[in-house]
Amino acid sequence: MQFIIREANNKDLLKIVEIEKVSFGKGAWGLYFLKKFLEVKFNKIIVAENNEILGYCAFSDEGDIIHIKSIAVHPDYRKMGIGKALLREIMKYQKDIYLEVRVSNEPAIRLYESLGFRKIAILKSYYSDGEDAYRYYFKFLTFT
Ligand SMILES: CC(C)(COP(=O)(O)OP(=O)(O)OC[C@H]1O[C@@H](n2cnc3c(N)ncnc32)[C@H](O)[C@@H]1OP(=O)(O)O)[C@@H](O)C(=O)NCCC(=O)NCCS
């Protein structure tokens, strides 16, 4: 599957909201939240696109470290390498990365582990429905 990865702008947000909704249901980010997110200088969203937006990743560059806030791929385009490609793009910043994931979210956990993220903590009742989260950490290694 051919696609490009680029930075998102306000025109992309409706499509991103759609993917959020089918991916996260009630807990999905809405348009207003996403607009506000992008107004913050250190926040970014990247999208994978061919003729349409296939997936996205929202993250905050916190200085020495990046916090991934949300990642999702449209259900019709999953398991085609798009999630991996989005994370690899963020790895190009050459910084450590951390994120939280539901303990039940096996596809996401596999994705993170396949790229070298390591589980470093369990966050009890992290989500509003009471589910725990794992915190995953990617250590950027320099060989200088
Ligand atoms: C998690 C998610 C983003 C993965 O995106 P994707 O584009 O399907 O992932 P990729 O095709 O790049 O897969 C990368 C690796 O993840 C693993 N993986 C992905 N989906 C999987 C699944 N359903 N079952 C098992 N492993 C899976 C595989 O190990 C795969 O590696 P491989 O291709 O070498 O076998 C996607 O499933 C999604 O949007 N889920 C709903 C939203 C979500 O849960 N986001 C994460 C919140 S923390």
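What share of the 144 residues of the protein counts as buried? In this predicted model, the figure is 24%. The fold around these buried positions is built from seven strands and four helices, and their order along the sequence reads β-α-α-β-β-β-α-β-α-β-β. The protein is as compact as a globular protein of its length, because its radius of gyration of 15 Å is close to the 15 Å that the globule rule gives for 144 residues. Along the principal axes, the C-alpha atoms fill a box of roughly 40 × 35 × 30 Å. Contacts that span long stretches of sequence are well represented: of those between residues at least 6 apart, 55% join residues at least 24 apart.

The interior comes next. In soluble globular proteins, nonpolar side chains tend to be buried together. Here, the largest nonpolar core has 32 residues, and the members that touch the most others are I16, Y56, C57, I68 and L86. At least two residues of this core come from each of α1 (13–24), β2, β3, β4, α3, β5 (96–102), α4 and β7 (133–138). Strand β3 makes the largest contribution, giving six residues.

Strand β3 also holds F59, a residue worth a closer look. F59 counts as buried because 22 other C-beta atoms lie within 10 Å, where 20 or more are required. Beyond its neighbours up to four places away in sequence, F59 touches K44, I66, H67, I68, K69 and I90. One of these, I68, is among the core members with the most contacts to other members. F59 and I97 are separated by 38 residues in sequence, and their C-alpha atoms are 9.6 Å apart in space.

Helix α3 offers a neat view of how one element faces the interior. Its buried residues are I82, G83, L86 and L87. Seen down the helix axis, these residues fall within an arc of 135°, so they line one face of α3. That buried set packs against β1 (4–7), β2 (43–49), β3 (53–61), β4 and α4. For L86 in particular, the contacts outside four places in sequence are I5, I46, A48, G55, C57 and I71.

Helix α3 takes part in the surroundings of the ligand as well. The shell has 19 residues, of which R78, G83, K84, P107 and L111 come nearest to the ligand. Two or more shell residues are given by each of β4 (65–73), α3 (82–91) and α4 (106–114). The largest share belongs to α4, with six residues. By character, the shell comprises nine nonpolar, five polar and five charged residues. G83 thus appears both among the buried residues of α3 and among the residues nearest the ligand.

Two loop positions stand out for their backbone geometry. Most residues other than glycine have a negative phi. K79, although not a glycine, has a positive phi of about 60°. This residue sits in the loop between β4 and α3. K79 is exposed, since 9 other C-beta atoms lie within 10 Å and the limit for exposure is 12 or fewer. Q94, in the loop between α3 and β5, likewise has a positive phi of about 60° without being a glycine. With 8 C-beta neighbours inside 10 Å, Q94 also counts as exposed.

Definitions and conventions: Residues numbered from 1 in each chain as written. Predicted model: local features only at pLDDT ≥ 70, side-chain atom pairs only at ≥ 80, totals over all residues. Rg over C-alpha atoms; globule rule 2.2 N^0.38 Å. Contact = placed C-beta atoms within 7 Å. Near = placed C-beta within 6 Å. Nonpolar A, V, L, I, M, F, W, Y, C, P; charged D, E, K, R; others polar. Arc of directions from axis to C-beta. Core = buried A, V, L, I, M, F, W, Y, C linked by C-beta atoms within 7 Å.
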